[in-house]
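Me: I should like to go through the terms used for this model and see how each is justified. Please set each value against its criterion.

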Amino acid sequence: MNFEPPFQARINDARARVAVLRRRVEESGRAGDSVLGEAVDELLAALEELEVSDEELRAQNETLAATQLLVEAERQRYADLFHFAPDPYLVTGSDGTVREANRAAAALLAVAERSFPGKPLSVFVARNEVRGFREQVNRAARGHRVDSFEVTLVPRDGDPVRVACTVEAAAHPGPDGPALRWLLRDVTERRRADEAESRAAAEHAARRSAEEAHQRLAAVLEATTDGFYSLDPAWRFTYVNGSAERLWGRERAGLLGRGFWEAFPDAAGSPAEPALRGAMEGRRVERVEVLSPQLGRWIELLAFPTGDGVSVFFHDVEERHRSEAGEHLLAAVGEALSGELEVEEMLRRLARAAAGRVADWCVVHVHDDGRLGACGIAHADPALGGPLEETLHRVPLDPAGPNPVCVALRTGLPALLAGTDEVLEAAFPDPVQRSEARAMGAESALVVPMQARGRTLGVITLVRGPGEAYGPDDLALAGEIARRAALAVDNARLYHAARAATRAREEVLAVVSHDLRNPLNAVLLAAIILDEYSDAERWNERERQQVRTIRNAAEQMGSLIHDLVEVVALESGARVLHLDRVEPAKAMHAAAEMYHGLASEKGIALTVDAGADVPDVRADRARLLQVLSNLLGNALKFTPGGGSVTIGAARSGDAAVGFYVADTGPGVDPHDLPRLFERFWQGQRGGGLGLGLGLAIAKGIVDAHGGRIWVDSSPGRGSTFFFTLPTQQGDG
């Protein structure tokens with residue numbers, strides 16, 4: 001605006017009125033009034049200053065007008081830059097609501113420029129990124145500059161766009177409050193380029209890694225001792241390692257690219273074919289042990305599907321297979337030899353166990369009482385068992401002849417034989433028999449002696465027909481079979497010898513207990529009559545002493561006969577226990593009472609320690625007294641005068657009572673302790689008194705009760721014999 005004309009006119013009007021005022025003053029004759037004159041001068045000076053101010057104000061107005069023109073031009077230029085800038089620009093409130101947006105921003109989000117303001121920018125953000133976007137908005141609203149955070153914007157009716165955002169708060173709040181300024185840069189192409197570059201780098205790294213992995217795998221496959229090969233879906237070889245080359249004996253160059261079934265036609269129809277087809281067609285891992293037609297040996301084959309066919313590992317398991325077959329054979333042999341004590345039946349079972357497993361046919365010859373005969377004969381084919389037995393029984397066996405069985409019996413050495421004419425002629429002198437043997441299969445044989453305790457008890461012959469011949473490993477296995485068979489035969493013979501000895505002993509004891517006891521009882525009765533009931537005046541002292549000697553000897557012999565019969569009855573189980581409730585204290589006092597006189601005579605202190613709270617036992621009272629009597633008798637026999645013997649009992653655990661007999665005698669030598677309870681055995685301290693059956697009888701009685709007996713002793717410290725018996729059921 002131009003305020004100059006009105007303002008200047010007023011100044012001029014004021015000056016005119018001051019001039020009129022000055023003239024009136026002069027005309028009124030008051031010109032000499034100095035005060036009034038000064039006032040008029042001051043008024044004129046003020047008008048001059050006002051005029052100067054007017055000039056300055058006019059100059060300022062002109063400057064302001066020029067500045068306003070410049071500001072308007074800059075504002076228009078900023079608006080043009082804002083709206084026509086190639087990069088999207090936005091101005092939002094602190095909550096992210098759009099206030100202004102340029103054309104690039106509107107085009108980016110496919111929104112009309114005039115309808116953009118008022119919309120929350122978050123509505124264009126990908127849903128899964130909204131939370132992170134709002135966190136960045138809040139951070140910018142708090143005064144932090146946010147540089148290049150990336151977010152995915154989803155335009156209306158368009159593909160998602162990846163943008164990098166730079167956001168900062170406006171320095172001065174606008175009329176609508178604090179504002180945020182946004183610069184958006186479309187990084188979709190750059191991101192795509194980066195992703196493409198990353199993919200290319202990853203693919204390159206993957207190819208390099210795959211090549212390195214392939215090299216490592218090839219190195220591993222070449223280093224492994226297992227054979228390995230891979231086949232494509234058309235069954236063509238794609239890889240063969242060095243071990244497979246060596247096992248097959250074929251160059252890999254001649255196999256690669258060639259069909260598997262063409263290269264190994266024998267594999268078709270073999271047990272390996274279902275495993276290979278299961279891996280290739282069924283897409284499952286297959287593991288199988290097969291007898292390889294290519295190698296003629298047992299192999300373990302592992303086939304597993306791969307993305308481009310099938311891969312196969314295989315390795316030789318012949319030794320393990322032989323070992324397992326040997327273990328199974330030995331188990332079958334052990335079963336055949338166990339549970340049978342008749343030698344002929346045992347060896348028949350052995351022959352049946354061997355035939356069909358380790359041999360086509362098996363013969364077991366036994367040497368007994370100078371005679372050699374075939375006890376066990378079996379063929380893997382049951383139909384040939386009878387003819388084989390007939391043929392072998394017609395073959396003469398001369399212990400001094402060349403027959404391999406007789407040679408093994410004489411030398412005690414095993415033999416591995418081929419079915420040559422010479423060997424067959426030695427084994428089967430008759431041509432007809434030799435022809436029959438060949439018909440039954442006789443290509444190789446093992447002839448192994450059965451030896452036990454330094455004696456050759458017989459010979460096992462194992463024979464195979466056409467096919468795999470016997471080798472050294474088979475000979476070792478046959479030797480183990482022969483060793484076990486020899487032990488079984490020897491044990492069976494020892495068992496029968498022991499049974500015969502037992503029967504002989506029982507017959508002798510029957511004579512002792514019946515035929516000897518009756519005349520002995522007559523002698524004892526006569527001695528008692530002569531000693532106790534005859535007229536004393538008829539005998540002098542020397543004659544009476546001889547009668548008593550006869551009586552004592554007869555009583556001792558009767559006691560020995562009783563012990564012999566008793567120990568046999570206990571071993572055979574013929575002695576029946578009459579179990580009942582027995583009080584330990586009463587049993588111990590009864591036993592001590594029987595030996596009270598002997599103890600007093602020898603000057604030995606005999607005491608009973610019944611203990612406190614000792615429960616009753618379940619026992620045969622007479623047998624318990626017999627055990628206590630035997631132990632007390634031994635203790636008094638070996639304890640010198642002035643010593644002591646103690647019999648006692650105490651609780652032993654929850655279900656037993658422990659009895660003991662302790663003496664102050666010389667003790668037992670440690671070397672004698674292990675044999676102390678054996679029959680007919682006496683240590684050095686026994687002095688040849690008795691038969692050595694007292695402790696054996698005591699042990700038999702305690703064992704029959706389900707108890708245990710033992711001794712604690714050392715030379716010079718005496719002996720303590722312990723035994724336990726079960727408590728009466730229901731006792732605490």
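Reply: The turns below take up salt bridges, aromatic pairs, backbone angles and surface patches.
This is a predicted model, in which local features need pLDDT of at least 70, side-chain atom pairs count only at pLDDT 80 or more, and totals for chains, interfaces and linings use all residues. Residues are numbered from 1 along each chain as its sequence is written, and side-chain values use heavy atoms, with hydrogens and water left out.

Me: Why is the contact of Glu468 with Arg322 called a salt bridge?
Reply: The closest N and O atoms of Glu468 and Arg322 are 2.3 Å apart. A salt bridge requires a side-chain nitrogen of Lys or Arg within 4 Å of a carboxyl oxygen of Asp or Glu, so the pair qualifies. Glu468 lies in the loop between S15 and H15 and Arg322 in helix H9 (residues 318-337), 146 residues apart. Helices (H or I, at least four residues) and strands (E, at least two) are DSSP runs, numbered from the N terminus. Both residues also belong to a network of salt bridges with Glu318, Arg464 and Asp474.

Me: What makes Glu468 and Arg322 partly exposed?
Reply: Buried means under 20% relative accessible area, exposed over 50%, and partly exposed in between (1.4 Å probe, protein chains only). Glu468 has 47% relative accessibility, so Glu468 counts as partly exposed. Arg322, at 27%, is likewise partly exposed.

Me: Which parts of the chain does the salt bridge of Glu168 with Arg145 link?
Reply: The closest N and O atoms of this pair are 3.1 Å apart. Glu168 is in strand S4 (residues 161-169) and Arg145 in the loop between H4 and strand S3 (146-153), 23 residues apart. The structure holds 33 salt bridges.

Me: Why is the pair of Trp248 and Phe314 called stacked?
Reply: A pair of aromatic rings is described by the distance of the centres and the angle of the planes. Rings of Phe, Tyr and Trp (its six-membered ring) pair if their centres lie within 6.5 Å; planes under 30 degrees apart count as stacked, over 60 as edge-to-face and the rest as tilted. By this rule the count comes to 22 aromatic pairs. Trp248 and Phe314 are 5.3 Å apart centre to centre with 20° between the planes, so they form a stacked pair. Trp248 lies in helix H6 (residues 242-248) and Phe314 in strand S10 (residues 309-316), so the pair ties together parts that are 66 residues apart in sequence. Both Trp248 and Phe314 are buried.

Me: What makes the pair of Phe260 and Phe264 tilted?
Reply: The angle between the planes is 50°, with 5.6 Å centre to centre. This angle is neither under 30 nor over 60 degrees, so the pair is tilted. Both rings belong to a cluster of ring pairs, with Trp248 and Phe314 among the other members.

Me: What is notable about phi of Arg453?
Reply: Most residues other than glycine have a negative phi. Arg453 has a positive phi of about 50° although it is not a glycine. Arg453 is found in the loop between strand S14 (444-452) and strand S15 (455-464).

Me: How do you know that Tyr533 is exposed?
Reply: Tyr533 has 65% relative accessibility and therefore counts as exposed. Tyr533 is found in helix H15 (residues 472-533).
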